[in-house]
Amino acid sequence: MVENRALIAATALVKRFGDFTAVDGIDVRVAAGEAFGFLGPNGAGKSSTMRMIGCVSRPTSGRLSILGLDAARDGPAIRARLGVCPQQDTLDPELTVLENLVVYARYFGIPRRLARERARELLDFVQLGDRSGDKVEPLSGGMKRRLTIARALVNEPDLVLLDEPTTGLDPQARHLVWERLFRLKQRGVTLVLTTHYMDEAEQLCDRLVVMDNGRIVAEGSPRELIARHSTREVVEVRLDLDNSDAPDKLDGIGERVEVLPDRTLVYTEDGDAALAEIAARGLRPSSTLVRRGSLEDVFLHLTGRTLVE
Ligand code: ADP
Ligand code: MG
């Protein structure tokens, strides 16, 4: 059943560049209506995976079916039904905002009148209606990203692929993009996105896989992943240099202690109790912070590294 309704079904999917393996045998299922994420640091293999799903890059091996079609055989038919927002914007700076959508719509054989009508609707949707006659170049990064998202929607796709939709944007611009993507999701559009921002993954994804070095290291909803690999709360302490052996002294506090170059993390169900215990042992951190467990902690726990270096 699930198999039949999967919009994306990848089995043992591999992408090699020469003798370098960028995607190392991943299995992925994405169901209709899901917002699905690939979370991982730079170089994890996210874009390589997205390009195979988008049928612009051939799998080296493995099976990949998109919208029930075979990616290796039915590339053009699949591409016609996808919306794609690549990692780097590929807007035409010579054209106006509106023309960028209209010209792109022509690739899908959408008649010019309909294309213009749809383009105007989409520009309103991404809050660029008042910029439709402007050239692309002076737009801010966030506006260009929203325009690329609008462009990805001109063929009314069932499945939209977004490769790092908000990388490089300031917080306000990111929230605007998130809000638009959330609306798409509410309309029942299936979203597949990549990100190295744990907050983005937590905000947008119903389900995600954590990727590292071309492999999937965990899979689940953000909440499941945090419950499985982190704790309810995390205490971050900065310990003074003369306390450099302090991590040992923290032994037994909380469920687990992780020592990073700049701070030490104590994983615990009760942050305040852990802080009290730290004080009771005579340790005097120069700063302390109690926060909720996050996908960043999940990644750190699974790989020993942080998501954003
Ligand atoms: P991500 O999107 O997660 O940052 P990529 O899929 O872009 O990761 O890249 C994964 C790895 O594959 C990186 O080490 C990258 O340098 C390498 N890679 C990606 N594309 C190519 C290519 N066309 N030729 C050679 N190596 C590549
Ligand atoms: Mg990438």
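In this predicted model, Ser65 is in contact with Leu7, Ile8 and Ala9, leaving aside its neighbours within four places in sequence. Ser65 itself sits in strand S4, which covers residues 61–66. Its relative accessible area is 24%, so Ser65 is partly exposed. Ser65 also lies 8.9 Å from Thr11, C-alpha to C-alpha. The two residues are 54 residues apart in sequence.

The magnesium ion (ligand 2) has two protein donors, Ser47 through OG and Gln87 through OE1. These donors lie 2.1 to 2.2 Å from the ion. Ser47 belongs to helix H2 (residues 46–53), whereas Gln87 lies in the loop between strand S6 (82–85) and helix H4 (97–107). The pair therefore ties together parts that are 40 residues apart in sequence. Ser47 has a relative accessibility of 22% and counts as partly exposed. Gln87 is also partly exposed, with a relative accessible area of 33%.

Helix packing was examined next. Two packed helices are described by the angle between their axes and the distance between the axes. Helix H4 packs against helix H5, which spans residues 112–125. The two axes come within 9 Å and cross at roughly 130°. Angles between 115 and 145 degrees count as oblique, so H4 is oblique to H5. The crossing is right-handed. On the H4 side, the contact is made by Val97, Leu98, Leu101, Val102, Ala105 and Arg106. H5 contributes Arg112, Ala115, Arg116, Ala119, Arg120, Leu122 and Leu123. By class, this contact of H4 with H5 has 9 nonpolar and 4 charged residues, with no polar ones.

Helix H4 also packs against helix H6 (residues 141–152). Here the axes are 9 Å apart and the angle is about 30°. Angles under 35 degrees count as roughly parallel, and H4 and H6 are therefore roughly parallel to each other. H4 passes H6 in a right-handed crossing. Val97, Asn100, Leu101 and Tyr104 of H4 make the contact with Leu147, Ala150 and Arg151 of H6. These residues divide into 5 nonpolar, 1 polar and 1 charged. Val97 and Leu101 of H4 thus appear in the contact with H5 and again in the contact with H6.

Helix H6 in turn packs against helix H7, which covers residues 171–186. Their axes come within 9 Å and cross at roughly 15°. That angle makes H6 roughly parallel to H7. This crossing, too, is right-handed. In H6, Gly142, Arg146 and Ile149 take part. They meet Ala173, Leu176, Val177 and Leu181 in H7. The contact of H6 with H7 has 5 nonpolar residues, 1 polar residue and 1 charged residue.

A further set of contacts involves His229 of helix H9 (residues 222–229). The relative accessibility of His229 is 15%, so this residue counts as buried; the cut-off for buried is under 20%. Not counting residues up to four places away in sequence, His229 touches Ala218, Arg256, Val298, His301 and Leu302.

Conventions:
Residues are numbered from 1 along each chain as its sequence is written. Chains are lettered from A and ligands numbered from 1 in the order in which they are written. This is a predicted model: local features need pLDDT of at least 70, side-chain atom pairs count only at pLDDT 80 or more; totals for chains, interfaces and linings use all residues. Side-chain values use heavy atoms; hydrogens and water are left out. Donors are N, O and S atoms within 2.8 Å of the metal (3.2 Å for Na, K and Ca); water is not among the atoms, so sites may look incomplete. Helices (H or I, at least four residues) and strands (E, at least two) are DSSP runs, numbered from the N terminus. Buried means under 20% relative accessible area, exposed over 50%, partly exposed in between (1.4 Å probe, protein chains only). Axes are lines fitted to C-alpha atoms, for helices over the stretch in contact, and angles run from 0 to 180 degrees between N-to-C directions. Angles under 35 degrees count as roughly parallel, over 145 as roughly antiparallel, 65 to 115 as roughly perpendicular and the rest as oblique. A crossing is left-handed if the near helix is turned anticlockwise from the far one by less than a right angle, and right-handed if clockwise. Contact means heavy atoms within 4.5 Å. Ala, Val, Leu, Ile, Met, Phe, Trp, Tyr, Cys and Pro count as nonpolar, Asp, Glu, Lys and Arg as charged, and the others, Gly among them, as polar.
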